[in-house]
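Thanks for sharing this one. Here are a few notes to read alongside the model, beginning with one residue and then moving to the whole chain.

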Amino acid sequence: MAPLGPESPAELAVKTDFGTNIWSIFQELYDDKWDQGRWNAAVARFKAAHDPAIVQRFWARAKLPAWDALEAQFRKGPPPFLRPGWKSPLLGKRVDLRWLDVGPFDHVRGSIDGWRDAKLLIIEFWASWCRPCLAVFRDLSTIARTRSEIKIVTFNSEGIFTQAPIDVAAVKKFIARRDDMDYPIYIDTHRVAVNSIFQPGQNLSIPLAFIITPKDGVVQWVGNPEEMAGPLEQALKRAT
């Protein structure tokens with residue numbers, strides 16, 4: 001396929017119309033909120049308003065599925081953990097953390113030792129192909145370096161969603177090139193961490209962090225580490 005080149009004014013108009021009158025509206029109308037008549041009218045208006053060739057260029061650039069598949073996607077809606085008001089079933093619950101001491105894991109750097117004595121334990125999941133994961137490396141390093149009362153343990157799981165085997169050498173090479181990962185890192189080669197807490201937590205996205213009080217094993221918070229600052233301070237107050 002030939003390169004698409006820069007977006008033309010007409011294509012930008014299609015993009016804006018789609019975002020405003022299709023995407024932003026129907027991504028909220030899933031399950032029993034779905035309105036088939038409204039969808040049919042919106043699609044018909046959109047198609048009539050634009051040159052089909054320009055729409056096709058936008059579709060190719062945005063890598064959108066066919067209209068039928070797009071409708072099915074909107075009707076189904078996002079996965080539960082992305083829906084407003086959703087909470088992990090582990091939130092506020094006591095979890096068994098003995099797997100941390102048993103493994104097996106492939107060790108890269110730092111030590112898991114001492115997690116039971118910390119006021120808070122942060123367990124974080126990441127993968128080298130996950131661009132948002134890279135954004136939290138330095139923040140995690142800062143916490144590990146400056147907050148002795150908090151223990152951080154991170155688990156790499158390259159095949160966290162596919163169950164593909166992990167190229168341990170490639171992951172270690174990736175970590176060796178970084179200067180912003182100054183905290184305990186393990187590779188979850190046997191999916192012990194994934195099966196013990198990631199999957200039961202049902203927040204199936206990465207990067208993902210669990211804030212836990214080791215003294216009682218209660219999960220205080222689950223979410224993206226970029227949003228962790230406030231919940232971390234609140235959990236510390238409760239743990240004191």
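Where is the place of Ser141?

1. Ser141 sits in helix α7, which covers residues 137-146. Please keep in mind as you look that this is a predicted model.

2. With a relative accessible area of 3%, Ser141 counts as buried, because that value is under the 20% cut-off. Leaving aside residues up to four places away in sequence, Ser141 touches Asp180, Met181, Asp182 and Tyr183. You may like to display those four residues together with helix α7 when you check this spot.

3. Stepping back to the whole protein, the fold holds ten helices and six strands. Its radius of gyration is 22 Å, whereas the globule rule gives 18 Å for 240 residues, so the protein is more spread out than a compact globule. Along the principal axes, the C-alpha atoms fill a box of roughly 65 × 40 × 30 Å.

4. How much of the protein is buried? Of the 240 residues, 44% are buried, and Ser141 is one of the buried residues. As for contacts between residues at least 6 apart in sequence, 73% join residues at least 24 apart.

5. On the surface, the accessible area of the protein comes to about 12900 Å², and carbon and sulfur atoms account for 53% of that. The side chains include 31 positive and 28 negative ones, and the centres of these two sets lie 1 Å apart.

Methods: Residues are numbered from 1 along each chain as its sequence is written. This is a predicted model: local features need pLDDT of at least 70, side-chain atom pairs count only at pLDDT 80 or more; totals for chains, interfaces and linings use all residues. Side-chain values use heavy atoms; hydrogens and water are left out. Helices (H or I, at least four residues) and strands (E, at least two) are DSSP runs, numbered from the N terminus. Buried means under 20% relative accessible area, exposed over 50%, partly exposed in between (1.4 Å probe, protein chains only). Contact means heavy atoms within 4.5 Å. The radius of gyration is taken over C-alpha atoms; the globule rule is 2.2 Å times the number of residues to the power 0.38. Accessible areas come from the Shrake-Rupley method with a 1.4 Å probe; for residues, only the protein chains shown count as cover. Lys and Arg count as positive and Asp and Glu as negative; His and the chain ends are not counted. The place of a charge is taken as NZ of Lys, CZ of Arg, CG of Asp or CD of Glu.
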